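The following exercises concern helix packing, cysteine pairing and unusual backbone geometry. Each task is followed by a solution in steps.

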Amino acid sequence: MMKQLLTAIAFVFAFMPLFAAASDKPNLIFVLSDDIAQGDLGAYGQKLIQTPNLDRLCNEGTRYLSAYTGTSVCAPARSSFFTGLHMGHCPTRANREIQPEGQRPLPADTVTIAKILKTAGYKTATMGKWGMGMFDTSGSPFNNGVDHFFGYNCQRHAHSYFPSYLYNDDQRFEIPGNQGGKKQVYAQELIQQDVLKWIDANSSDPFFLFYAITLPHGRFEIDDQGMYKDKPWTETEKNYAAMVTRIDSDMGELVELLKAKGIDKNTLIVFSGDNGSSFNPNTAIGKRFNQTMDGKLRGFKRGMYEGALRQAAFAWWPGTVPAGRVTDEPWAFWDLLPTFAELGQAEIPQDFQPDGYSLVNFLEGGPAPQRDYFYWELHENRPGPIQAIRWGDWKAVRPAPGADIELYDLANDLGETTDLAQSHPELVSKAVATMNEARTPHPDWPDPATAAAAKKKSQKK
């Protein structure tokens, strides 16, 4: 009998590391807010828009001053996160619509973070806006490792916050309260409730959630202006502020659910915008909300300056991510795939090389990983193919197709006000050589250095 007991105990101890490893896998949540900017959050200095929950999460976690998007529009930015590739290698480097609905799909057999985590036993979901391929294409969420989807597949469809339909998985469902121009059902409310329901149902297993919130992207619509209703502002300004505060309250609900389920200390939340503000900071609304943060950052969506590339970002994981830390060390969306893979104890396919580096040590309070450069390009019709690269504190920008390189010293000129290209030709040469090294040629994505400038549309008289 004693021999059998000892054998049983030995069996249990032999498998304890395996059981511990399974229970140690954290839940992984990436919240991507569409077009929110650093200047929109109180933690970054915003005075007029109230974001108490996001500010608290920043204070309870680590806030990043140099968190970079994949590039400065929607589909390629989220594709960079999902594939772990920067814009020199990412299969999607622009927004490209597919009629009658949807965007250019991710190619077949694309390696994605959701596929990788599923191999390690993770439940996976995406709620909000997909934008990487309709359900009958290789870019469908269900062809890319996602178990459950709810929201908008098509980015154009997501411009309406009172849509006549949404998708639950791949099934379209109608919203009668929004038919015929009525605006009775706010889509974000349905999406938020689905997020909470899914987390509640999957809280006993490790899960990965890509929460792609559509707010505060234009068109600027809200079901309740709340505390801003009586402000002496334009309707657009009231709506925009209320949309940002709506994100804040929804994030508060999400965290409260994690705490109620007892999984908050085993859950990492990374929050970020996707491409900077959607409006020029020199416009009335940009000035109202101080989008440049007193001139700290230049540029906005569809550009290559820091105001478009740097995002409002923080990480929250009680007991693991240091509370109250603020760091200017840079990282980028393509780092999250190797980071989540390491945290989830998931194997990255041997024949796949992500462009990113694991941030696990950085998240826990260590230094950011060292690398040769950060690289971006963008292929929107306006302004045409453009690109940028950062190495150390140097930043090179090609602001238009075929344009000369601009050079900035971010350590002394974060606002990118003084072009140093003429005084540092050797650094311009280095930038051009590294840009060429960073990108894989593709017929759909012409080289910004040699591409023709976009033609201006003729003015009808």
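Angles between helix axes under 35 degrees count as roughly parallel, over 145 as roughly antiparallel, 65 to 115 as roughly perpendicular, and the rest as oblique. The structure under study is a predicted model.

**Exercise 1. Classify the packing of helix 2 against helix 6, and identify the residues in contact.**

Step 1. Two packed helices are described by the angle between their axes and the distance between the axes. For helix 2 and helix 6 the angle is about 55° and the axes are 7 Å apart.

Step 2. The pair is therefore oblique.

Step 3. Helix 2 contributes Pro52, Asn53, Leu54, Arg56 and Leu57 to this contact, and helix 6 contributes Ile247, Asp248, Ser249, Met251, Gly252, Val255 and Lys259.

Step 4. Within helix 2 (residues 52-60), the buried residues are Asn53, Leu54, Asp55, Leu57 and Cys58. Besides helix 6 (235-260), these buried residues pack against strand 2 (62-64), strand 9 (267-273) and strand 10 (313-316).

Step 5. Thr51 is located in the loop between strand 1 (27-33) and helix 2. Its relative accessible area is 1%, so Thr51 is buried. Once neighbours within four places in sequence are set aside, the contacts of Thr51 are Asp40, Leu41, Gly42, Val244 and Asp248.

**Exercise 2. Classify the packing of helix 5 against helix 6, and state the handedness of the crossing.**

Step 1. Helix 5 (residues 187-202) packs on helix 6 at an angle of about 15°, and the axes are 10 Å apart.

Step 2. The two helices are therefore roughly parallel to each other.

Step 3. The crossing of helix 5 past helix 6 is right-handed. On helix 5, the contact involves Gln188, Glu189, Gln192, Gln193, Val195, Leu196, Ile199 and Asp200; on helix 6, it involves Arg246, Asp250, Glu253, Leu254, Leu257 and Leu258.

**Exercise 3. Determine how many disulfides the model contains, and explain why Cys90 and Cys154 are unpaired.**

Step 1. A disulfide is a covalent bond between the sulfur atoms of two cysteines. The cut-off applied is a pair of cysteine sulfur atoms within 2.5 Å.

Step 2. For Cys90, the closest cysteine sulfur belongs to Cys74 and is 14 Å away, too far for a bond. Cys90 is buried, at 1% relative accessibility.

Step 3. For Cys154, the closest cysteine sulfur is again in Cys74, at 11 Å, which is too far for a bond. Cys154 is buried as well, at 0% relative accessibility.

Step 4. The count under this rule is zero disulfides.

**Exercise 4. Locate the cis peptide bonds at Pro100 and Arg219, and the positive phi values at Asp35 and Asn290.**

Step 1. Most residues other than glycine have a negative phi, and most peptide bonds are trans.

Step 2. Gln99 and Pro100 are joined by a cis peptide bond with omega of about 5°. Pro100 belongs to the loop between helix 3 and helix 4 (113-118).

Step 3. The bond from Gly218 to Arg219 is also cis, with omega near 15°. The loop between strand 8 (207-212) and helix 6 holds Arg219.

Step 4. Asp35, although not a glycine, has a positive phi of about 80°. This residue lies between strand 1 and helix 2, in the loop, and is buried at 0% relative accessibility.

Step 5. Asn290, likewise not a glycine, has a positive phi of about 50°. Asn290 sits in the loop between helix 7 (284-288) and helix 8 (306-309), and is partly exposed at 29% relative accessibility.

Note on methods: Residues numbered from 1 in each chain as written. Predicted model: local features only at pLDDT ≥ 70, side-chain atom pairs only at ≥ 80, totals over all residues. Heavy atoms only, no water. Buried < 20%, exposed > 50% of the residue type's maximum accessible area, 1.4 Å probe, protein only. Helix = DSSP H or I, 4+ residues; strand = E, 2+ residues; numbered from the N terminus. Contact = heavy atoms within 4.5 Å. Axes fitted to C-alpha atoms, helices over the stretch in contact; angles between N-to-C directions. Left-handed = near helix turned anticlockwise from the far one by under 90°.
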